[in-house]
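Grab a pencil and work through these exercises one at a time. Try each task yourself before you read the solution.

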Amino acid sequence: MLGQKEWNGRKIIAEAFSEAKIVQRRMQNDARPKYRNAQRSFLLNRITELEAQLVAKNEELEKVRAQKIDELDVFLNTPRDLRLMFERFAKDAVQVDDPMSKRNVRKQAAMPTPVNDRDCGSE
């Protein structure tokens, strides 16, 4: 009977109860996802898969970058005797007319010069 009593012509408790129900329903609706269909869940799964692939590709890219930087660093820090490279190029580049031979000469000229005795036996 408390809900039926009036205060200055208004049922205060009944009004408060109905307002509380409205607020409760609004909060429940806000908590639910707006689109509760299979297509949205499919898209969310696809987005998750693509984001995982993107992260994997970024990690792979960073690994390849690090490898290339190491290779470049090794190349730049390896001592080379330019006199030997020039002599080898001058000796092999004399009177070559065949394009394949020129290409082979360039490849040989680009070979690294031996740094230690262990590299001499590999040529």
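A salt bridge is a side-chain nitrogen of Lys or Arg within 4 Å of a carboxyl oxygen of Asp or Glu. Keep in mind that this is a predicted model, where local features need pLDDT of at least 70, side-chain atom pairs count only at pLDDT 80 or more, and totals for chains, interfaces and linings use all residues. Residues are numbered from 1 along each chain as its sequence is written, and side-chain values use heavy atoms, with hydrogens and water left out.

**Exercise 1. Salt bridges in helix H2**

Find out how glutamate 62 and arginine 65 are linked, and where they sit.

Step 1: Look at the side chains. Glutamate 62 and arginine 65 meet in a salt bridge, with 3.0 Å from N to O. Side chains of opposite charge can pair when their charged atoms come close.

Step 2: Place them. Helices here are DSSP runs of H or I with at least four residues, strands are runs of E with at least two, and both are numbered from the N terminus. Glutamate 62 and arginine 65 are 3 residues apart in helix H2, so about one helical turn separates them.

Step 3: Check how open they are. Buried means under 20% relative accessible area, exposed means over 50%, and partly exposed is in between (1.4 Å probe, protein chains only). Glutamate 62 is partly exposed at 47%, and arginine 65 is partly exposed at 45%.

**Exercise 2. More pairs**

How many salt bridges does a search of the whole structure find? Describe two besides the one above.

Step 1: The search finds 4 salt bridges.

Step 2: Take glutamate 49 and arginine 46, whose side chains form a salt bridge at 3.6 Å, N to O. They're 3 residues apart in helix H2 (residues 38-77), which means about one helical turn. Both are partly exposed: glutamate 49 at 45% and arginine 46 at 40%.

Step 3: Now lysine 68 and glutamate 71. Their closest N and O atoms are 3.8 Å apart in a salt bridge. Both lie in helix H2, 3 residues apart, about one turn of the helix. Glutamate 71 is partly exposed at 49%.

**Exercise 3. A look at helix H1**

What does the side chain of serine 18 reach?

Step 1: Find serine 18 in helix H1. With 35% relative accessibility, serine 18 is partly exposed.

Step 2: Follow the side chain of serine 18: it gets to the backbone oxygen of glutamate 15, at 2.9 Å.

Step 3: Go to isoleucine 12, which is also in helix H1 (residues 12-31). Isoleucine 12 is partly exposed, with a relative accessible area of 42%.

**Exercise 4. The whole protein**

Sum up the fold, then ask how confident the predictor is.

Step 1: Count the elements. You should get 5 helices and 0 strands, in the pattern α-α-α-α-α along the sequence.

Step 2: Check burial. Of the 123 residues, 3% count as buried.

Step 3: Count contacts, meaning heavy atoms within 4.5 Å. Among contacts with a separation of 6 or more, 39% join residues 24 or more positions apart.

Step 4: Turn to pLDDT, the predictor's confidence in each residue, from 0 to 100. The protein's mean pLDDT is 77, with 68% of its residues at 70 or more. Of the elements, helix H5 (residues 117-120) has the lowest mean, 50, and H2 has the highest, 90.

Technical notes. A polar contact is a pair of N or O atoms within 3.5 Å; within protein, one must be able to donate a hydrogen and the other to accept it, and residues adjacent in sequence count only if both atoms are side-chain atoms.
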